[in-house]
Amino acid sequence: MKAIVDPDACIGCELCPSICPEVYRMEGPVAKAIEGEVPKEFEDSAREAAESCPVEAIKITE
Ligand code: F3S
């Protein structure tokens with residue numbers, strides 16, 4: 001699976017890197033997800049972060 005943050009939607013609440021710092025980090029005022037496949041062991045927390053985003057800025061693709 002892959003995770004993508006829409007930089008236009010992200011409001012920089014920093015929730016995703018606090019839930020799953022292995023996949024999301026802040027890059028200036030918005031979050032950015034790692035490029036490429038999310039490592040298997042971080043899939044659950046990456047998904048949880050996406051579901052927790054208050055503005056639904058994180059898209060998960062299989
Ligand atoms: Fe942005 Fe949502 Fe993460 S607002 S910082 S993508 S939880």
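Biologist: Let me start with something simple: in which element is Glu 48 found?

Modeller: Glu 48 is found in helix α2. Helices are DSSP runs of H or I with at least four residues, strands are runs of E with at least two, and both are numbered from the N terminus. Before we go on, this is a predicted model, where local features need pLDDT of at least 70 and side-chain atom pairs count only at pLDDT 80 or more, while totals for chains, interfaces and linings use all residues. Residues are numbered from 1 along each chain as its sequence is written, and side-chain values use heavy atoms, with hydrogens and water left out.

Biologist: How do I read accessibility, and why does Glu 48 count as partly exposed?

Modeller: With a 1.4 Å probe and protein chains only, buried means under 20% relative accessible area, exposed means over 50%, and partly exposed is in between. Glu 48 counts as partly exposed because its relative accessibility is 43%. Its C-alpha atom is separated by 11 Å from that of Ile 60, twelve residues apart along the chain.

Biologist: Let me try helix α1. Is Pro 17 buried or exposed?

Modeller: Pro 17, which lies in helix α1, is buried, since its relative accessible area is 15%. In space, 9.2 Å separates the C-alpha atoms of Pro 17 and Ala 46, which are 29 residues apart along the chain. Ser 18 lies in helix α1 too, but at 54% relative accessibility Ser 18 counts as exposed. From C-alpha to C-alpha, Ser 18 and Ala 49 are 8.5 Å apart, with their positions 31 residues apart in sequence.

Biologist: What should I look for in backbone angles?

Modeller: Most residues other than glycine have a negative phi. Here, Glu 14 has a positive phi, near 70 degrees. Glu 14 has its place in the loop between β1 and α1 (15-19), and at 48% relative accessibility it counts as partly exposed.

Biologist: What is the phi of Glu 56, and where is that residue found?

Modeller: Glu 56 has a positive phi of about 50 degrees, although it is not a glycine. It is found in the loop between α2 and β4 (58-61), and with 60% relative accessibility it counts as exposed.

Biologist: Now the interior. Which residues touch the most other members of the largest nonpolar core?

Modeller: A nonpolar core is a set of buried Ala, Val, Leu, Ile, Met, Phe, Trp, Tyr and Cys residues joined through side-chain atoms within 4.5 Å. The largest one here has 17 residues, and Val 5, Val 23, Tyr 24, Ala 46 and Ile 58 touch the most other members. Two or more residues of this core come from each of β1 (2-5), β3 (30-33) and α2 (43-52). Helix α2 gives the most, with three residues.

Biologist: And how is empty space found?

Modeller: Rolling a probe the size of a water molecule over the atoms shows where empty space is left. On a 1 Å grid over the protein atoms alone, a cavity is a set of points where a 1.4 Å probe fits but cannot get out, a pocket is an open set with protein on both sides within 12 Å along at least five of seven lines, and lining residues have an atom within 4 Å of a point. Points are joined across faces, edges and corners, and a volume is the space filled by probe spheres set on them. Here the count is one cavity of 30 Å³ or more.

Biologist: What takes up the space of the largest cavity?

Modeller: The ligand does; a molecule sits in a cavity or pocket if more than half of its atoms lie within 2 Å of its grid points. The largest cavity holds about 80 Å³ of space. Its lining has 14 residues, and Cys 10, Cys 13, Cys 16, Ala 31 and Cys 53 lie nearest its centre. Around the ligand there are 13 residues, the closest being Cys 10, Ile 11, Glu 14, Cys 16 and Cys 53; near means that a heavy atom of the residue lies within 4 Å.

Biologist: And which residues lie nearest the centre of the largest pocket?

Modeller: Those are Ala 3, Ile 4, Val 5, Lys 32 and Ala 33, out of 13 lining residues. The pocket has a volume of about 200 Å³, and β1 and β3 each supply at least two residues of its lining.
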